[in-house]
Each structure stands twice: as structure tokens, then as C-alpha cells.
Amino acid sequence: MIDYASREINCKIVYYGPTSGGKTSNLEFLSKTVSIAEGSKLVSLNRDDDKTMFFDFLPVDFGMVRGFKTTMHLFSVPGQSLYNALRKPVLKSAHGVVFVADSDEDRIEDNLDAFQSLLDNMRNYGYESGAIPIVIQYNKRDLPSTATIQTLQDALNPGEIVTDPARQMAKPDPFHAGKYLVEQIKDGQWIERSQYIEAIAVEGKGVVDTLKVVGRLALKSLL
């Protein structure tokens, strides 16, 4: 949301994904390492076992953007499917989404279920495909049972068909040499994939990069 009178921009970013995937770990690391909005702190509403029951909330000072004081309001939603009714309202009016996937090869189905839940809930609010940016974070890359990036990409980020001729051109992935966000595949179709970041959230690896990417994409859609 842009407030021209006060010269302020407020962006809502939602961290979504399966339970224990690392959503709260992202916000906990950011709360200790980045500039928090004045007078604010990380707010977590958890169960006794530390699983997020309602949401986590962290307002982050994103600095000045085109003369506007910019704040990223970060939310994470509960990963348990039984709390889906609580996930939906958090997604309302979001400007960007980080899908935090668990890289454990045994959790591919959990990731797929959570991602489908995200898409369904976005459709319920009238979001068209591509209306708001989704950045995928492949978390827990230090696990001994980690799935390959290609396996995760095939499952969660196979790409959407690009029908607009003006956008049918190769777009390199700035984080992964030799990879493309937009490319033409063997059958001649052009596809576009979401930006992905590899991470170990409990150590902070990839966490700030994820926020920077989704923040810039969200601002681009607003400005």
C-alpha cells in the first residue's frame, strides 16, 4: 500500500509452507539481523510445542525507495493443514509470498500439499496466476536426506506457460549461473519459473537474500 501524503510504502509479505519447514526460523533470524521498524518486535502466537498456531509477525524497515519510507510487514502462517482456515485471512491483501519448502526428500508430498493450499487460498481471494510474486525458498539444505534441487523444481516449480509474445524471451536466473527464469523448452513452449533461493534458515543462510528478492518483486508490482 502506498501513502503519498506521508510518503510511506507498506508491503505485506507472507511466509507459507509445510509445518516445521522453517517459516518461523526465517523471521527469527531476520529479527536479530536486519533493521526492525521502530518500536516493533517479532510477535509469535505459538502452541506449547512451539508450532505456530495463528501467525508470526515482524515489521522490517526496508529503507527509502524512490523517496518513500518502506516497511515490509512479514507474516508466517501455521503449516498444519487443520489450521487452513487461519491461513486464509493472513493471505488477504498480500503483496508477495515466500513459500518455504522443506528439502527433506521424505517431505515432497507435504510440500506439494502446502503449495496447493497456497494456490487454492489465493484463488479464493481472486488472485490470478502471477498477480503477486511467489519466491520459493528450498530450506534445510544441510540435511543428509536432502532432495536434489532438480527434484524440488520438478515438483514445485515446473514453470507456467508464457502466452504473451512480448515476454517470450530468455531471462537468466541472477542467482544460478546457466539457469533461466524464462526459457523455451523442447516442445517449443515458453515457460516462466519462480525465483528460488537455497537456504539453511536456522543458520541464516539464504534468509536475507530471500527477503530482498521478494521485497523487490513486491515493490515492482506496486510502483
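Me: In which sense do β6 and strand β7 pair, and over how many bridges?
Reply: Happy to start there, bearing in mind that this is a predicted model. β7 covers residues 134-139, and one of the facing pairs puts F99 opposite I136 in β7. The two strands pair in the parallel sense, over six bridges.

Me: Which hand does the β-α-β unit made by β6, helix α3 and β7 have?
Reply: Helix α3 spans residues 108-124. Together with the strands β6 and β7 this helix makes a β-α-β unit, and its hand is right-handed.

Me: Which residue of β6 is the bridge partner of Y15?
Reply: Let's look at the pairing with strand β2, residues 8-16. Four bridges join β2 to β6, and the two run parallel. Within β6, the bridge partner of Y15 is V98.

Me: Why is strand β6 described as largely enclosed by the rest of the structure?
Reply: Side chains in a regular strand alternate between the two faces of the sheet. In β6, G96, V98, V100 and D102 point one way, while V97, F99 and A101 point the other way, and all are buried. Buried here means under 20% relative accessible area. The strand is therefore largely enclosed because the number of its seven residues that are buried is seven.

Me: Which element gives the most residues to the largest nonpolar core?
Reply: This core has 25 residues, and those with the most contacts inside it are V14, Y16, F99, L118 and Y138. The elements that give two or more residues to it are β2, α2 (84-91), β6, α3, β7 and α4 (149-156). With five residues, the one that gives the most is α3.

Me: Leaving aside its neighbours within four places in sequence, which residues is L118 in contact with?
Reply: L118 is a good one to click on, as it is among the residues with the most contacts inside the largest core. Setting aside neighbours within four places in sequence, its contacts are Y16, L91, V97, F99 and I134.

Me: How many residues does the second, separate core have?
Reply: You can find this core by selecting some of its members, including C11, I13, L27 and V135. The second core is separate, and its residue count is 24.

Me: What is the order of the strands in the open sheet of four strands?
Reply: The pairing in this sheet is antiparallel. Its edge strands are β8 (160-161) and β9 (171-172), each of which pairs on one side only. Reading across the sheet, the order is β8-β11-β10-β9.

Me: Which residue in β10 stands opposite K171?
Reply: Strand β10 covers residues 180-184, and two bridges join β9 to it in an antiparallel run. One partnership links P172 with Y180 of β10. As for K171, the residue opposite is V182.

Me: Which residue in the turn of the β10 and β11 hairpin has a positive phi of about 95°?
Reply: β10 and strand β11 (residues 190-192) pair in the antiparallel sense over three bridges, with I191 of β11 as the bridge partner of E183. Five residues lie between the two strands of the hairpin. The turn residue with that phi is G188.

Me: What is the phi of S93, and what is the phi of K140?
Reply: Most residues other than glycine have a negative phi. S93 lies in the loop between α2 and β6, and K140 in the loop between β7 and α4. S93 counts as partly exposed at 48% relative accessibility, and K140 is partly exposed at 21%. Both phi values are positive: near 65° for S93 and near 60° for K140.

Me: What distance does helix α5 reach from its first C-alpha to its last?
Reply: α5 takes in residues 207-222, which is 16 residues. Its buried residues are V207, T210, L211, V213, V214, G215, A218 and L219. At 1.5 Å a residue, 22 Å would be expected, and the helix reaches a close 23 Å.

Me: How many Å apart in space are L223 and I9, C-alpha to C-alpha?
Reply: L223 lies in the segment after α5 and counts as partly exposed at 36% relative accessibility. Not counting residues up to four places away in sequence, L223 touches I2, I9, V65 and R66. L223 and I9 are 214 residues apart in sequence, and in space their C-alpha separation is 9.7 Å.

Notes. Residues are numbered from 1 along each chain as its sequence is written. This is a predicted model: local features need pLDDT of at least 70, side-chain atom pairs count only at pLDDT 80 or more; totals for chains, interfaces and linings use all residues. Side-chain values use heavy atoms; hydrogens and water are left out. The expected span of a helix is 1.5 Å times one less than its number of residues. Buried means under 20% relative accessible area, exposed over 50%, partly exposed in between (1.4 Å probe, protein chains only). Two strands pair if DSSP finds at least two bridges between them. A crossover is right-handed if, with the strands pointing away from the viewer, the path from the first strand over the helix to the second runs clockwise. A nonpolar core is a set of buried Ala, Val, Leu, Ile, Met, Phe, Trp, Tyr and Cys residues joined through side-chain atoms within 4.5 Å. Contact means heavy atoms within 4.5 Å.
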